[in-house]
Amino acid sequence: GSYQTAVTGLDALCHALESYWSKRATEASRVLSVTSAKLIFRNLKKAFSGHRNLLSREEMSLASLYAGLAISNTGTTVCHSISYILTVGFEVPHGIACAVTLPFFIKFNSRHQPECITGLAKNLGFQNVDDFAEGVTGLLRELGFSQRLRDYGIRDADLGLIQQKSYSTSNIVNNCVGITKKELRDILKKML
């Protein structure tokens with residue numbers, strides 16, 4: 001169904017973007033990341049909108065393949081680290097759980113290490129980092145998903161658990177920028 005298309009498409013987008021800013025990214029993996037993300041920004045909304053848009057679906061399956069090949073070399077990063085507890089503890093579907101954090105880490109990573117984001121933003125046709133973050137937020141909105149944690153039943157009192165569980169995964173250290181517990185808490189608070 002179209003809901004499944006949206007959720008799995010967002011997961012593929014996370015794979016594409018996170019693999020680009022992974023510490024283990026290579027030139028080859030980044031070509032796959034950019035190719036995948038371009039296809040997703042161009043086709044996910046069309047594939048989702050319920051028309052039997054077979055070309056868009058085909059492009060999305062290619063995008064998913066490229067992103068999968070990229071993360072098989074690079075692994076995922078902080079967005080996936082946070083997503084596991086959102087899914088297991090709060091029943092937020094995996095693709096959404098990863099994607100809601102993307103705009104925040106696009107900005108965070110670019111503030112601390114611009115080179116792991118600015119080239120990606122330009123390659124994808126965005127004017128700058130803010131435009132890129134807004135592009136992801138806009139896509140979430142167009143697919144009908146909130147970016148606010150409270151809309152998924154998460155309260156301020158839950159942030160400590162989310163923070164703690166995010167650090168129990170190995171992929172958080174794979175992010176191009178190290179994240180302190182306080183920085184993660186601040187980001188989670190902004191997401192509420």
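The side chain of Ser-83 places a polar atom 2.7 Å from the backbone oxygen of His-80. This is a predicted model, and in it Ser-83 belongs to helix H4, which covers residues 78–90. Ser-83 counts as buried, at 0% relative accessibility. Once neighbours within four places in sequence are set aside, the contacts of Ser-83 are with His-94, Ala-97 and Cys-98. Cys-98 turns up again below, under the cysteines.

**The overall fold**

- The chain has 10 helices and zero strands, and the pattern read along the sequence is α-α-α-α-α-α-α-α-α-α.
- With a radius of gyration of 15 Å, close to the 16 Å that the globule rule gives for 192 residues, the chain is as compact as a globular protein of that length.
- Taken along the principal axes, the box filled by the C-alpha atoms is roughly 45 × 35 × 30 Å.
- Buried residues make up 52% of the 192 in the chain.
- Among contacts with a separation of 6 or more, 74% are between residues 24 or more positions apart.

**After helix H4: Glu-91**

- Glu-91 sits in the loop between H4 and helix H5 (94–99).
- The phi angle of Glu-91 is positive, about 60°, although this residue is not a glycine.
- Is Glu-91 buried or exposed? Glu-91 is exposed, and its relative accessible area is 71%.

**Cysteines: one bonded pair and one unbonded pair**

- The count of disulfides comes to one, and the bond is between Cys-116 and Cys-176, with an S to S distance of 2.3 Å.
- Cys-116 is in the loop between H6 and helix H7 (118–123), while Cys-176 is in the loop between H9 and helix H10 (181–191), so the disulfide ties together parts that are 60 residues apart in sequence.
- Both ends of this bond are out of the exposed class: Cys-116 is buried at 3% relative accessibility, and Cys-176 is buried with a relative accessible area of 11%.
- Cys-14, by contrast, is in no disulfide, and the nearest cysteine sulfur to it belongs to Cys-98, 4.6 Å away.
- Why is there no bond from the sulfur of Cys-98 to that of Cys-14? The closest cysteine sulfur to that of Cys-98 is the one in Cys-14, and at 4.6 Å it is too far for a bond, because a disulfide needs the two sulfur atoms within 2.5 Å.
- Cys-14 is buried at 0% relative accessibility, and Cys-98, the contact partner of Ser-83, is also buried at 0%.

**Aromatic pairs**

- There are four aromatic pairs in the count.
- In the pair of Tyr-3 and Phe-145, the ring centres are 6.0 Å apart and the planes meet at 70°, so this pair is edge-to-face; the cut-off for that class is over 60 degrees.
- Tyr-3 is part of helix H1 (residues 2–20) and Phe-145 is in the loop between helix H8 (129–142) and helix H9 (159–166), so this pair ties together parts that are 142 residues apart in sequence.
- The two partners differ in exposure: Tyr-3 is partly exposed, at a relative accessible area of 42%, whereas Phe-145 is buried at 12% relative accessibility.
- Phe-105 and Phe-108 are also edge-to-face, because their ring centres are 6.1 Å apart and their planes are at 75°.
- Phe-105 and Phe-108 are three residues apart in helix H6 (residues 102–112), so about one helical turn separates them.
- Phe-105 is buried at 0% relative accessibility, and Phe-108 is buried at 2%.
- One aromatic cluster is made up of Phe-41, Phe-126 and Phe-132.

**Charges over rings**

- Which ring does the charged end of Arg-30 sit over? The ring is that of Tyr-20, and the charged end of Arg-30 is 4.2 Å from its centre.
- Lys-181 has its charged end over the ring of Tyr-167, at 5.0 Å from the ring centre.

Technical notes:
Residues numbered from 1 in each chain as written. Predicted model: local features only at pLDDT ≥ 70, side-chain atom pairs only at ≥ 80, totals over all residues. Heavy atoms only, no water. Phe/Tyr/Trp six-rings, centres within 6.5 Å; stacked < 30°, edge-to-face > 60°. Helix = DSSP H or I, 4+ residues; strand = E, 2+ residues; numbered from the N terminus. Buried < 20%, exposed > 50% of the residue type's maximum accessible area, 1.4 Å probe, protein only. Lys NZ or Arg CZ within 6 Å of the ring centre and 35° of its normal. Polar contact = N/O pair within 3.5 Å; in protein donor to acceptor, adjacent residues only side chain to side chain. Contact = heavy atoms within 4.5 Å. Rg over C-alpha atoms; globule rule 2.2 N^0.38 Å.
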